[in-house]
Amino acid sequence: MTDWSALIRDIPDYPKPGILFKDITPLLADHAAFTQVVDELADGLVFDKVVGIEARGFILAAPVAYRSGAGFVPVRKAGKLPAATLEASYDLEYGSATIEVHADAFAPGERVLIVDDVLATGGTAEATVELVRRAGAEVTAVSFLMELSFLSGRDRLPGLEVRALLSV
């Protein structure tokens, strides 16, 4: 088993002063580590579709879906999807944002795994859960590569299985 966590590097003051950015590109470039992460994100879970949250969530969710024989559904920033959408807004520390999913992305009762790279404050994940449920599907779990535990994002996802492969 690879210690893939060593492949996540810290970039200080990016994208602005005072932020310590967690760069996952070295992990993605390492085949063994990337494969292990993809496997662990869905290990033991049962689902029909995988939702990836824009943008780095796409990188992780698509191979999870492929490997698991499930469909992949993107959740995108407002205005990026071409067909009819459902939208949800959430607050950020510096304003608000809106995400969307295609209204017809799920069949009623489908089981959905939501995947993203980082769980921080939980706003994006909470909005994504809302979208999946409004579309008539069931969220079975939410999986993240890493969790910034000091921000308590999992508190915004009550009653759900929340999986973080690394907590910092």
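This passage describes the main pocket, a helix pair and the strand pairing of a predicted model. Local features require pLDDT of at least 70, side-chain atom pairs count only at pLDDT 80 or more, and totals for chains, interfaces and linings use all residues. Residues are numbered from 1 along each chain as its sequence is written, and side-chain values use heavy atoms, without hydrogens and water.

The largest pocket (an open set of points on a 1 Å grid over the protein atoms alone, where a 1.4 Å probe fits, with protein on both sides within 12 Å along at least five of seven lines) has a volume of about 1,300 Å³. Its volume is the space filled by probe spheres set on the points, which are joined across faces, edges and corners. The pocket is lined by 36 residues, lining residues being those with an atom within 4 Å of a point. R56, L92, Y94, V118 and A120 lie nearest the centre. Strand 7 gives the most to this lining, with 4 residues.

Helix 2 (31-42) and helix 3 (56-68) pack with axes 9 Å apart, at an angle of about 70 degrees; helices are DSSP runs of H or I of at least four residues, and strands are E runs of at least two. Axes are lines fitted to C-alpha atoms over the stretch in contact, and angles run from 0 to 180 degrees between N-to-C directions. Helix 2 is therefore roughly perpendicular to helix 3, a term covering 65 to 115 degrees.

Strand 5 and strand 6 pair in the antiparallel sense over 8 bridges, pairing requiring at least two DSSP bridges. D91 stands opposite S96 in strand 6. Strand 4 also runs antiparallel to strand 6, joined by 2 bridges, and R76 stands opposite E100 in strand 6.

Key: Angles under 35 degrees count as roughly parallel, over 145 as roughly antiparallel, 65 to 115 as roughly perpendicular and the rest as oblique.
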